[in-house]
Amino acid sequence: MSSNPRILVIHGPNLNLLGQREPDVYGAITLAEINADLVERAEVMSCSLEAFQSNHEGELIDRIQAAMGQADGILINPGGLTHSSVALRDALAAVALPVIEVHISNVFARESFRHHSYVSGIALGVISGLGAKGYAMALSAMLDHLRKE
Ligand code: CA2
């Protein structure tokens, strides 16, 4: 593994609304602020980081496929597709990159339909319920993983 890993951060449907709706569940931070914080951290930790958000399952799958050979690890908050998308899981499995799944809210403290994730079974790990800080934790864990490979 190169000492300057390339990290792709994927945000699924509706996460563009962060900071604008439901601050009691998802906090007041915007997606742009989360991404800017991650880019800053990536610079400090000598890696490159690109973030992508889409409300469309097919666009997310296209972006994941394009990461083959272009990224070393993926951090993903699949949003509601976590609980419904076999196709997203298949795309992540196909690119065979290490994946860390992030959820801002604690999905296990919410409705039972949020307790199952199609992604967790192919993920290196899952962070749920620690707010937007979970993304920074996931970045740090991914870099530890890649640098030990
Ligand atoms: O807690 C998370 O990060 C979730 O992935 C968020 C998803 C939800 O379906 C998952 O069960 C848990 C929802 C994303 C919607 O994000 C919004 C953000 C602000 C306002 C409204 C929705």
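Me: How does the shell around the ligand divide by class?
Reply: Sort the neighbours into nonpolar, polar and charged, then count each class. In this predicted model, the shell has seven nonpolar, seven polar and three charged residues.

Me: Which residues come nearest to the ligand?
Reply: A residue counts as near if one of its heavy atoms lies within 4 Å. There are 17 residues around the ligand, and N77, H83, H103, I104 and S105 come nearest.

Me: Where do polar atoms of the protein lie relative to an oxygen atom of the ligand?
Reply: Look for N or O pairs within 3.5 Å. H83 offers a polar side-chain atom, 2.7 Å from a ligand oxygen. I104 uses its backbone instead: an N or O atom there lies 2.7 Å from an oxygen of the ligand. G80 also contributes a backbone N or O atom, at 3.4 Å from a ligand oxygen.

Me: How much of the ligand's accessible area does the protein cover?
Reply: Take the area of the ligand on its own, then ask what share is covered. On its own the ligand has 510 Å² of accessible area, and the protein covers 94% of that.

Me: In which pocket does the ligand sit?
Reply: The ligand occupies the largest pocket.

Me: How many salt bridges are there?
Reply: Look for a Lys or Arg side-chain nitrogen within 4 Å of an Asp or Glu carboxyl oxygen. The count is five. One of them joins D72 and R6, with the closest N and O atoms 3.1 Å apart.

Me: Why does the pair D72 and R6 tie together parts that are apart in sequence?
Reply: Check where each partner lies. D72 is in the loop between α3 (57-66) and β3 (73-77), while R6 is in strand β1 (residues 6-11), so the pair links parts 66 residues apart in sequence.

How values were computed. Residues are numbered from 1 along each chain as its sequence is written. This is a predicted model: local features need pLDDT of at least 70, side-chain atom pairs count only at pLDDT 80 or more; totals for chains, interfaces and linings use all residues. Side-chain values use heavy atoms; hydrogens and water are left out. A polar contact is a pair of N or O atoms within 3.5 Å; within protein, one must be able to donate a hydrogen and the other to accept it, and residues adjacent in sequence count only if both atoms are side-chain atoms. Accessible areas come from the Shrake-Rupley method with a 1.4 Å probe; for residues, only the protein chains shown count as cover. On a 1 Å grid over the protein atoms alone, a cavity is a set of points where a 1.4 Å probe fits but cannot get out, and a pocket is an open set with protein on both sides within 12 Å along at least five of seven lines; lining residues have an atom within 4 Å of a point. A molecule sits in a cavity or pocket if more than half of its atoms lie within 2 Å of its grid points. Helices (H or I, at least four residues) and strands (E, at least two) are DSSP runs, numbered from the N terminus.
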